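Biologist: Please take me through this model one question at a time. Start with the terms for how much of a residue is covered.

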Amino acid sequence: VDVLAGQKTGAFLDQRQNHLAFGSRVRTRGDRRVLDAFCHDGLFGLQALAGGAEELVFLDQSAPALERLQQNLVRNGWAERSGIQRRAVNA
């Protein structure tokens with residue numbers, strides 16, 4: 001998370017439980033295809049991957065946010081995984 005220059009709506013600390021709950025829901029429901037619109041740093045999508053999602057589309061209009069998303073994918077070992085798309089668009 002870029003706390004100095006990042007988007008102000010990207011990573012509210014009170015969303016942590018929601019990120020975890022989303023990953024759990026993906027796991028429980030067996031969802032394999034997920035869209036993370038307005039993804040910012042990709043925190044919901046990362047939890048979806050941890051929950052077993054096989055295809056994930058991350059959308060954000062901010063190039064710096066998508067760069068941080070890529071760094072998060074690398075940190076979590078998913079950077080080279082197939083089925084992940086990053087798109088610089090406004091949802």
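Modeller: A residue counts as buried under 20% relative accessible area, as exposed over 50%, and as partly exposed in between (1.4 Å probe, protein chains only). This is a predicted model, in which local features need pLDDT of at least 70 and side-chain atom pairs count only at pLDDT 80 or more, while totals for chains, interfaces and linings use all residues. Residues are numbered from 1 along each chain as its sequence is written, and side-chain values use heavy atoms, with hydrogens and water left out.

Biologist: Is L69 buried or exposed?

Modeller: L69 lies in helix α3; helices (H or I, at least four residues) and strands (E, at least two) are DSSP runs numbered from the N terminus. The relative accessible area of L69 is 0%, so this residue is buried.

Biologist: Which residue is 28 places from L69 in sequence but 4.5 Å away in space, C-alpha to C-alpha?

Modeller: L69 touches C39, H40, D41, G42, F58 and R86, leaving aside residues up to four places away in sequence; a contact means heavy atoms within 4.5 Å. The one with that sequence separation and C-alpha distance is D41.

Biologist: What pattern does the chain follow along the sequence?

Modeller: The chain has three helices and three strands. Read along the sequence, they give the pattern α-β-α-β-α-β.

Biologist: In which sense do β2 and β3 pair?

Modeller: Two strands pair if DSSP finds at least two bridges between them. F58 stands opposite R86 in β3. Over five bridges, the sense of the β2 and β3 pairing is parallel.

Biologist: Which helix does the chain pass through between β1 and β2?

Modeller: β1 and β2 pair in the parallel sense over four bridges, and R33 stands opposite E55 in β2. The β-α-β crossover between these strands is right-handed, meaning that, with the strands pointing away from the viewer, the path from the first strand over the helix to the second runs clockwise. The helix on the way from β1 to β2 is α2.

Biologist: Within what arc do the buried residues of α2 fall?

Modeller: The buried residues of α2 are G45, L46, A48 and L49. Seen down the helix axis, they line one face because they fall within a limited arc, 155 degrees. The arc is taken over the directions from the helix axis to the C-beta atoms, and its value for α2 is 155 degrees.

Biologist: Which elements give two or more residues to the largest nonpolar core?

Modeller: A nonpolar core is a set of buried Ala, Val, Leu, Ile, Met, Phe, Trp, Tyr and Cys residues joined through side-chain atoms within 4.5 Å. The largest has 14 residues, and L49, L56, F58 and L73 have the most contacts inside it. The elements that each give two or more residues are α2, β2 and α3.

Biologist: How is the one aromatic pair arranged, stacked or edge-to-face?

Modeller: Rings of Phe, Tyr and Trp (its six-membered ring) pair if their centres lie within 6.5 Å; planes under 30 degrees apart count as stacked, over 60 as edge-to-face and the rest as tilted. The structure holds one such pair. F22 and F44 are 5.9 Å apart centre to centre, with 80 degrees between the planes, which makes the pair edge-to-face.
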